[in-house]
2 protein chains.
Amino acid sequence: MADTIKLALDDVFELAKTALTGQGFSEEQASAIARTISRAERDGCESHGLFRVPFYVKATKHPATNATARPVLSELATSVVRVDAGCGFCPLALETGLPVLADKARSNGIAALAINNAYNIAALWPEVEALAEQGLVSLAFTAANAFVAPAGGIKPIYGTNPMAFGWPRSGKPPMVFDQASSASARGEIQLHLRDGKPLPEGWAIDADGNPTTDPEAALAGAQLTYGGYKGAAIALMVELLAGALIGDLFSYQSSERDSVKSGAPFGGEFIIAINPETCASAGSSEGRVNTNPLAHAEELFGAVLSQDGTRLPGERRIKARERTAVDGITIPASLHQQITEFAG
Amino acid sequence: MADTIKLALDDVFELAKTALTGQGFSEEQASAIARTISRAERDGCESHGLFRVPFYVKATKHPATNATARPVLSELATSVVRVDAGCGFCPLALETGLPVLADKARSNGIAALAINNAYNIAALWPEVEALAEQGLVSLAFTAANAFVAPAGGIKPIYGTNPMAFGWPRSGKPPMVFDQASSASARGEIQLHLRDGKPLPEGWAIDADGNPTTDPEAALAGAQLTYGGYKGAAIALMVELLAGALIGDLFSYQSSERDSVKSGAPFGGEFIIAINPETCASAGSSEGRVNTNPLAHAEELFGAVLSQDGTRLPGERRIKARERTAVDGITIPASLHQQITEFAG
């Protein structure tokens with residue numbers, strides 16, 4: 001058997017969806033998840049692509065998990081909408097909530113979406129990118145499981161706690177970043193473990209609090225935040241926004257809840273969407289500013305890119321998108337076999 | 001003459017205000033600035049205390065500066081309010097806009113305040129702390145002047161671009177952080193220069209792009225972001241939120257505008273305020289969560305502080321507050337003399 005399998009991008013969706021429906025996921029839940037996985041493979045984000053299918057399946061081992069849940073939308077205030085994912089998975093909750101969030105942001109200038117009771121196994125950039133494709137600026141936050149030590153401490157308490165940001169661009173893919181407040185994503189350490197590679201310095205400490213480059217010791221110890229105490233402040237903010245603010249779990253509570261050791265983070269996601277047409281309409285009275293916010297942003301992007309060695313966040317994803325459209329993707333044969341077996 | 005002067009905290013406000021009115025600031029502008037400066041001295045933030053008075057005065061050298069400006073408030077959308085600072089200073093614009101922002105956040109769940117055409121010489125934590133004292137969660141962003149190199153580049157383009165976050169606590173001062181997306185605040189480098197101390201590694205590069213610990217070379221070169229490309233992504237986001245989104249200047253445009261080399265950043269500030277009572281009202285349907293968001297947050301704070309060596313962001317400020325209430329503050333005699341001379 002070959003070590004790897006090549007797939008056309010169009011085949012990723014069906015492969016993921018069939019695997020999930022074969023494991024008891026509803027058509028709607030499986031389709032939403034498969035769309036997210038396809039986007040990740042399209043953009044070269046291997047750690048959020050088909051690699052994640054077994055994580056979704058494993059999450060169903062928890063007795064509370066509902067792989068056929070129908071998300072329920074409710075309005076909490078003029079500018080806040082909430083989706084109860086019903087112990088299902090985040091992608092379908094997002095597909096339910098994002099259109100309402102976008103409408104509210106367009107009407108009111110700014111709005112928020114709180115997603116509760118969801119397994120958050122995916123990256124955050126797809127949702128901020130989707131909002132940016134509709135002309136909206138957005139920020140997204142979600143907690144995870146207890147993986148990351150607080151500044152000065154050695155025991156994991158925070159999740160990898162990503163914050164994502166999306167900015168629309170005319171005639172181009174949006175400018176998007178999605179960065180863990182840890183020095184690395186959890187999935188990156190899992191990939192290093194799988195591939196038998198040592199970790200870069202500064203990513204993790206072992207269970208005794210000593211720096212380590214061994215992926216296994218890192219997974220048993222604690223990840224570190226990026227930028228020391230400043231990254232830790234971001235991690236804390238994400239816990240508060242995606243947890244206490246919206247009445248949902250902190251990362252360490254998600255870990256405590258995970259009685260079946262599925263490793264799937266469970267809890268909330270918080271998204272803020274802003275309408276740049278509203279906000280820029282007044283502008284500077286000095287007349288020094290381009291009051292078209294998107295055109296103005298391009299001036300900044302141009303200034304950044306005029307320096308050698310720079311690039312905008314997300315550029316690698318957009319380049320991967322061009323490549324995978326032509327070449328398709330490659331996954332380990334063992335993963336392909338596992339996913340195929342899920343389909344039954 | 002002694003090298004330093006001791007002042008009671010109560011004297012800071014009058015000293016700052018009299019200096020500013022002596023230099024042509026209106027009673028309202030001077031009072032708002034003096035309140036901000038007093039809060040900084042109270043909290044041990046020397047670099048935003050009386051040290052800043054000469055920066056405010058210097059900003060009036062620009063022909064467009066209006067030290068007697070009356071901020072003008074307007075509603076841009078249901079959940080967005082804007083204050084045109086009229087080429088005056090940010091503290092009075094904030095005092096004008098924050099009450100309306102707070103009302104909108106309480107009514108609509110989330111709201112935003114855009115401040116335009118303001119000199120932003122102060123820190124951001126006073127505004128997020130003020131919102132938190134009213135029970136609101138908030139985020140604040142402002143750009144500066146071109147001080148910081150983009151990831152991979154060597155020429156300054158971003159400001160030090162702080163992001164601040166405030167979280168209310170029952171019966172305690174709010175949990176607040178206010179952190180530059182650069183490795184250090186600009187003011188910290190200025191203090192190192194004044195005191196003849198070398199900089200820590202990783203703060204800056206010289207004009208040729210080489211790492212430097214010399215404050216003067218750093219001020220002539222470029223500051224670095226914290227956490228490498230991740231801090232740079234935050235810096236870029238701050239430019240977009242406090243600049244293009246609200247129709248105001250980027251950091252490099254503020255530098256270009258500064259024809260008199262006053263060094264005072266000019267442009268926008270963007271603040272988001274959120275009502276936790278709205279957002280947490282639905283909560284987790286699993287009943288695993290304390291649906292009182294502030295009480296829930298205390299569980300997280302307790303878990304963080306249960307580890308040796310940890311502290312919450314802003315703790316140093318709160319401790320300084322207890323100390324300065326009793327001991328007052330100490331400033332260099334030369335600074336005291338300069339400020340006294342401003343009063344005329």
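Modeller: One term before we start: a residue is buried when its relative accessible area is under 20%. Also keep in mind that this is a predicted model.

Biologist: Fine. Let's do aromatics: how many aromatic pairs are there over all chains?

Modeller: The count is 15 over all chains. Take Tyr56(A) and Phe89(A): their ring centres are 5.6 Å apart and the planes make 50°, so this pair is tilted.

Biologist: Where in the chain do Tyr56(A) and Phe89(A) come from?

Modeller: From distant parts of it, 33 residues apart. Tyr56(A) belongs to helix α3 (residues 53-59) of chain A, and Phe89(A) to strand β3 (residues 80-89) of chain A.

Biologist: Buried or exposed, those two?

Modeller: Tyr56(A) and Phe89(A) are both buried. They also belong to a cluster linked by ring pairs, together with Phe25(A), Tyr119(A) and Phe266(A).

Biologist: And what about Phe51(B) and Phe55(B), how are their rings set?

Modeller: Their centres are 5.5 Å apart with the planes at 55°, so that pair is tilted. Phe51(B) has 12% relative accessibility and therefore counts as buried.

Biologist: Which charged end sits over the ring of Phe266(B)?

Modeller: That of Arg257(B), 3.5 Å from the ring centre. Elsewhere in chain B, Arg317(B) lies over the face of Trp125(B), with 4.1 Å to the ring centre.

Biologist: Switching topic. What turn lays chain A on chain B?

Modeller: A turn of 180°, with a shift of 0.0 Å along the axis, and the RMSD is 0.0 Å. That's the relation of a two-fold axis.

Biologist: Which residue of chain A comes closest to the rotation axis?

Modeller: Gly227(A), whose C-alpha is 1.9 Å from it.

Biologist: What share of the interface residues of chain A are also interface residues in chain B?

Modeller: 100%, so the copies meet through the same surface.

Biologist: OK, sheets now. What is the strand order in the open sheet of 7 strands in chain B?

Modeller: The order is β2-β3-β4-β11-β5-β6-β7, and the pairing is mixed. At the edges are β2 (72-77) and β7 (175-179) of chain B, each pairing on one side only. From one strand to the next, the twist averages 15°.

Biologist: How many bridges join β4 to β11 in chain B?

Modeller: There are 8, between β4 (residues 110-119) and β11 (residues 266-274) of chain B, and these strands run antiparallel. As an example, Ile110(B) has Ile274(B) in β11(B) as its bridge partner.

Biologist: Which strands does helix α4 of chain B lie across?

Modeller: Helix α4 (residues 90-108) lies across β2, β3 (80-89), β4 and β11 of chain B, running at about 170° to β4(B).

Biologist: And the sheet of 3 strands in chain B, what order does it have?

Modeller: That open sheet goes β9-β8-β10, with antiparallel pairing. β9 (211-212) and β10 (222-223) of chain B are at the edges with a single partner strand each, so one side of each is left without a neighbour in the sheet. Strand β8 (residues 204-205) of chain B is joined to β9(B) by 2 bridges, and Ile205(B) stands opposite Pro211(B).

Biologist: Last one, back in chain A: through how many residues does the hairpin join β2(A) to β3(A)?

Modeller: Through 2 residues. Strand β2 (residues 72-77) of chain A and β3(A) run antiparallel and are joined by 5 bridges, with Ser74(A) opposite Arg82(A).

Definitions and conventions: Residues numbered from 1 in each chain as written. Chains lettered and ligands numbered in written order. Predicted model: local features only at pLDDT ≥ 70, side-chain atom pairs only at ≥ 80, totals over all residues. Heavy atoms only, no water. Phe/Tyr/Trp six-rings, centres within 6.5 Å; stacked < 30°, edge-to-face > 60°. Helix = DSSP H or I, 4+ residues; strand = E, 2+ residues; numbered from the N terminus. Buried < 20%, exposed > 50% of the residue type's maximum accessible area, 1.4 Å probe, protein only. Lys NZ or Arg CZ within 6 Å of the ring centre and 35° of its normal. Least-squares fit on C-alpha atoms with pLDDT ≥ 70 in both. Contact = heavy atoms within 4.5 Å. Pairing = 2+ DSSP bridges. Axes fitted to C-alpha atoms, helices over the stretch in contact; angles between N-to-C directions.
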